[in-house]
Amino acid sequence: MYSPELENISTTSSTKVPVKYGELIVLGYNGSLPNGDRGRRKSRFALYKRPKANGVKPSTVHIACSPQAAKAISNKDQHSISYTLSRAQTVVVEYTHDSNTDMFQIGRSTESPIDFVVTDTVAGSQSNTDTQSVQSTISRFACRIICQRTPPYTACIYAAGFDSSKNIFLGEKAAKWKTPDGQMDGLTTNGVLVMHPRNGFTQDSKPGVWREISVCGNVFTLRETRSAQQRGKMVRRLNSSPFLPAWFSC
């Protein structure tokens, strides 16, 4: 997904000023990474309107291992999310292009679908080897942010990102369920946690309550443990209101 096109940022027709959705700031580095900002690995990321929309939205749902489901998974031109319920049953949700949104993906992977690469830093480590020897708490394809291309440029965050084959896989052990309206949803192993500071982002800011974001962007209370299969209680659905700006951990 990352390409030089990101540098050719979209502008408004009247002022020629770049349309900036917002910024992501990696906390704890005082503005710079130990090895410096390089390419997609930075301490600060700006999200600009893309020249062409690359967002996606849910489309067709396939149940079990039907030929259509297999085709959706193997087709690299088709985004899809696969929910493995058992060895004999898988639900595949196909996603179609959304001309009204831009998508940005965040994760530990350096593969092309990731726009912003975020890695762990181990206290006291002197080299990348020291860091890599410890199991990471950041998923390779951690999360995605969807921004509306028209005012007020609403941004929403979703757990999990699409891989190089444009797929997201939730295995048997991942927390997953069917919603009241018949749609599938789930949580990732590491989880994507979000917190709104009380009093907003001001000098009077106080820690808020951490919540967890699902694959479909719904908001839940925290699980008993970060990788537990039982989800927390739903706080609100995605469509009720955006959950950014906020602090988040993935």
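Ring pairs link Y21, F45, F104, F116 and Y153 into a cluster, where rings of Phe, Tyr and Trp (its six-membered ring) count as a pair if their centres lie within 6.5 Å. Keep in mind that this is a predicted model, in which local features need pLDDT of at least 70, side-chain atom pairs count only at pLDDT 80 or more, and totals for chains, interfaces and linings use all residues. Residues are numbered from 1 along each chain as its sequence is written, and side-chain values use heavy atoms, with hydrogens and water left out.

**The chain as a whole**

- The protein chain has 2 helices and 17 strands; helices (H or I, at least four residues) and strands (E, at least two) are DSSP runs, numbered from the N terminus.
- Of its 250 residues, 43% count as buried; buried means under 20% relative accessible area, exposed means over 50%, and partly exposed is in between (1.4 Å probe, protein chains only).
- About 14,000 Å² of the protein chain is exposed, and carbon and sulfur atoms supply 50% of that; these areas come from the Shrake-Rupley method with a 1.4 Å probe, and for residues only the protein chains shown count as cover.
- Take the contacts between residues at least 6 apart in sequence: 61% of them join residues at least 24 apart, with contact meaning heavy atoms within 4.5 Å.

**Strand 5 and its partners**

- Strand 5 (residues 89-98) has 7 of its 10 residues buried, so it is largely enclosed by the rest of the structure.
- On pairing in general, strands of a sheet pair through backbone hydrogen bonds, either parallel or antiparallel; two strands pair here if DSSP finds at least two bridges between them.
- Strand 3 (residues 55-63) pairs with strand 5 in the antiparallel sense over 7 bridges, and G55 has D98 of strand 5 as its bridge partner.
- Strand 4 (residues 79-86) also pairs with strand 5 in the antiparallel sense, over 7 bridges, and here S80 is matched with E94 as its bridge partner.
- Getting from strand 4 to strand 5 takes a hairpin of 2 residues.

**A four-strand sheet**

- Elsewhere there's an open sheet of 4 strands, in the order 7-6-8-9, with mixed pairing.
- Its edges are strand 7 (116-117) and strand 9 (155-159), each of which pairs on one side only.
- Strand 8 (residues 143-148) runs antiparallel to strand 9, and the two pair over 5 bridges.
- One of the matched residues is I146, whose bridge partner in strand 9 is C156.

**Aromatic pairs**

- The structure holds 6 aromatic pairs.
- In one of them, the rings of Y95 and F162 have centres 5.8 Å apart and planes at 70°, so the pair is edge-to-face; planes under 30 degrees apart count as stacked, over 60 as edge-to-face and the rest as tilted.
- This pair links distant parts of the chain, 67 residues apart: Y95 is in strand 5, while F162 is in the loop between strand 9 and strand 10 (167-170).
- Y95 and F162 are both buried.
- W177 and F220 make another edge-to-face pair, at 5.3 Å centre to centre with 75° between the planes.
- W177 sits in strand 11 (residues 176-178) and F220 in strand 15 (residues 219-220), so this pair ties together parts that are 43 residues apart in sequence.

**Around W177 and F220**

- W177 is buried, with a relative accessible area of 10%, and F220 counts as buried too, at 1%.
- R231 lies over the face of W177, at 4.5 Å from the ring centre; a charge sits over a ring if NZ of Lys or CZ of Arg is within 6 Å of the ring centre and within 35 degrees of the ring normal.
- Leaving aside neighbours within four places in sequence, F220 is in contact with several residues, including W177, D185, R211, R231 and M234.
- The C-alpha atoms of F220 and M234 are separated by 4.3 Å, although these residues are 14 apart along the chain.

**Cysteines**

- A search of the whole structure finds 0 disulfides, a disulfide being a pair of cysteine sulfur atoms within 2.5 Å.
- For C147, the nearest cysteine sulfur is that of C156, 8.6 Å away, and C147 is in no disulfide.
- C147 counts as buried at 1% relative accessibility, whereas C216 is partly exposed, with a relative accessible area of 22%.
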